[in-house]
Amino acid sequence: MSSERQAAEEPGESEPAPPARPPRGAAFLLTQLGTHAAERFAARVAELGLTPPDIGLLRTIATRPGRSQRALAAELGVVPSRVVALIDHLDGKGLVERRRSTEDRRNHELYLSEEGGRLLGEVWGIAAAHEDDILSALDDGQRDRLTELLGLVAAQQGLTPGVHPGYRNLPDGRRS
């Protein structure tokens, strides 16, 4: 008997594990692509000195200027103190303005500054190029269908349209 065959037949020796199959499910692919897309987008906007959470806040403020910090916290699903820390950062960069509410002087209303609006305009161009790059394997009809299907899944999962659930996981006072 050859020594290779003897080694394979030795008691206690296990057969080699079958080669690992790559995960095949849609949930895995969504996670894989989502992580890849998020990392690439973060690298692109880092050149502007921004993070994806910064951009999400700027975009959210731009869609409804004048909302209170408390209303923004509720929409993001975070405690108001977390929003204060995130807005402090953007305010310090001169990208947002806090204005006392004329209806309730205890509240601050949020607006983009002129620089915040200009920078967000740059981000739209970066985001469009990013999406074109990530989805370059698809034609326009396939992109529309993918977006429609992903929207259905997001709605079924109870996700707030346009709000990234990652804000709930940001440590207080820090951005990722």
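**Exercise 1. Describe the secondary structure of this predicted model and the order of its elements.**

Step 1. Count the elements: the protein has seven helices and two strands.

Step 2. Put them in order along the sequence. The pattern reads α-α-α-α-α-β-β-α-α.

Step 3. Check the confidence of the prediction. The mean pLDDT of the protein is 86, and 86% of the residues score at least 70. Among the elements, helix H1 (residues 3-9) has the lowest mean pLDDT, 50, and H6 has the highest, 96.

**Exercise 2. State what share of the residues is buried and how the accessible surface is made up.**

Step 1. Start with the residues. The protein has 176 residues, and 26% of them are buried.

Step 2. Turn to the surface. The accessible surface is about 11,900 Å², and carbon and sulfur atoms account for 54% of it.

Step 3. Add the contacts. Take those between residues at least 6 apart in sequence: 55% of them join residues at least 24 apart.

**Exercise 3. Find the residues with the most contacts inside the largest nonpolar core, and list the elements that give two or more residues to this core.**

Step 1. Recall the general tendency. In soluble globular proteins, nonpolar side chains tend to be buried together.

Step 2. Look at the core itself. The largest nonpolar core has 25 residues, and Leu58, Leu72 and Leu76 have the most contacts inside it.

Step 3. List the elements. Two or more residues of this core come from each of H2, helix H3 (52-63), helix H4 (69-76), helix H5 (80-92), strand E2 (108-112) and H6.

**Exercise 4. Name the residues of the nonpolar patch on the surface that includes Phe28, and classify Phe28 by its accessibility.**

Step 1. Name the members. Phe28, Leu29 and Leu33 form the patch, and together they have about 270 Å² of accessible area.

Step 2. Place Phe28 in the chain. Phe28 belongs to helix H2 (residues 26-46).

Step 3. Classify Phe28. Its relative accessibility is 35%, so Phe28 counts as partly exposed. The class runs from the buried limit, under 20%, to the exposed limit, over 50%.

**Exercise 5. Explain which parts of the chain the salt bridge between Asp133 and Arg40 ties together.**

Step 1. Recall the principle. Side chains of opposite charge can pair when their charged atoms come close.

Step 2. Give the distance. In the salt bridge of Asp133 with Arg40, the closest N and O atoms are 2.5 Å apart.

Step 3. Locate the partners. Asp133 is in helix H6 and Arg40 is in helix H2, so the pair ties together parts that are 93 residues apart in sequence.

Step 4. Classify both residues. Asp133 is partly exposed at 31% relative accessibility, and Arg40 is partly exposed at 32%.

**Exercise 6. Work out the accessibility class of each partner in the salt bridges Arg67 with Glu75 and Arg118 with Glu115.**

Step 1. Take Arg67 and Glu75. Their closest N and O atoms are 2.3 Å apart. Arg67 has 4% relative accessibility and therefore counts as buried. Glu75 has 27% and therefore counts as partly exposed.

Step 2. Take Arg118 and Glu115. Here the closest N and O atoms are 2.7 Å apart. The two residues are three apart in helix H6, so about one helical turn separates them. Arg118 is partly exposed with a relative accessible area of 43%, and Glu115 is partly exposed with 33%.

Step 3. Look for shared partners. Arg40, Arg44 and Asp133 are joined into one network by salt bridges that share partners.

Step 4. Give the total. The protein has 10 salt bridges.

**Exercise 7. Describe the position of Leu138 and its contacts beyond its neighbours within four places in sequence.**

Step 1. Locate the residue. Leu138 sits in the loop between helix H6 (114-134) and helix H7 (140-156).

Step 2. Classify Leu138. With 28% relative accessibility, Leu138 is partly exposed.

Step 3. List the contacts. With neighbours within four places in sequence left aside, Leu138 is in contact with Arg143 and Leu146.

Key:
Residues are numbered from 1 along each chain as its sequence is written. This is a predicted model: local features need pLDDT of at least 70, side-chain atom pairs count only at pLDDT 80 or more; totals for chains, interfaces and linings use all residues. Side-chain values use heavy atoms; hydrogens and water are left out. Buried means under 20% relative accessible area, exposed over 50%, partly exposed in between (1.4 Å probe, protein chains only). Contact means heavy atoms within 4.5 Å. Accessible areas come from the Shrake-Rupley method with a 1.4 Å probe; for residues, only the protein chains shown count as cover. pLDDT is the predictor's confidence in each residue, from 0 to 100. Patches are made of residues with over 30% relative accessible area and no salt bridge: like charges are joined within 9 Å, nonpolar side chains (Val, Leu, Ile, Met, Phe, Trp, Tyr) within 5 Å. A salt bridge is a side-chain nitrogen of Lys or Arg within 4 Å of a carboxyl oxygen of Asp or Glu. A nonpolar core is a set of buried Ala, Val, Leu, Ile, Met, Phe, Trp, Tyr and Cys residues joined through side-chain atoms within 4.5 Å.
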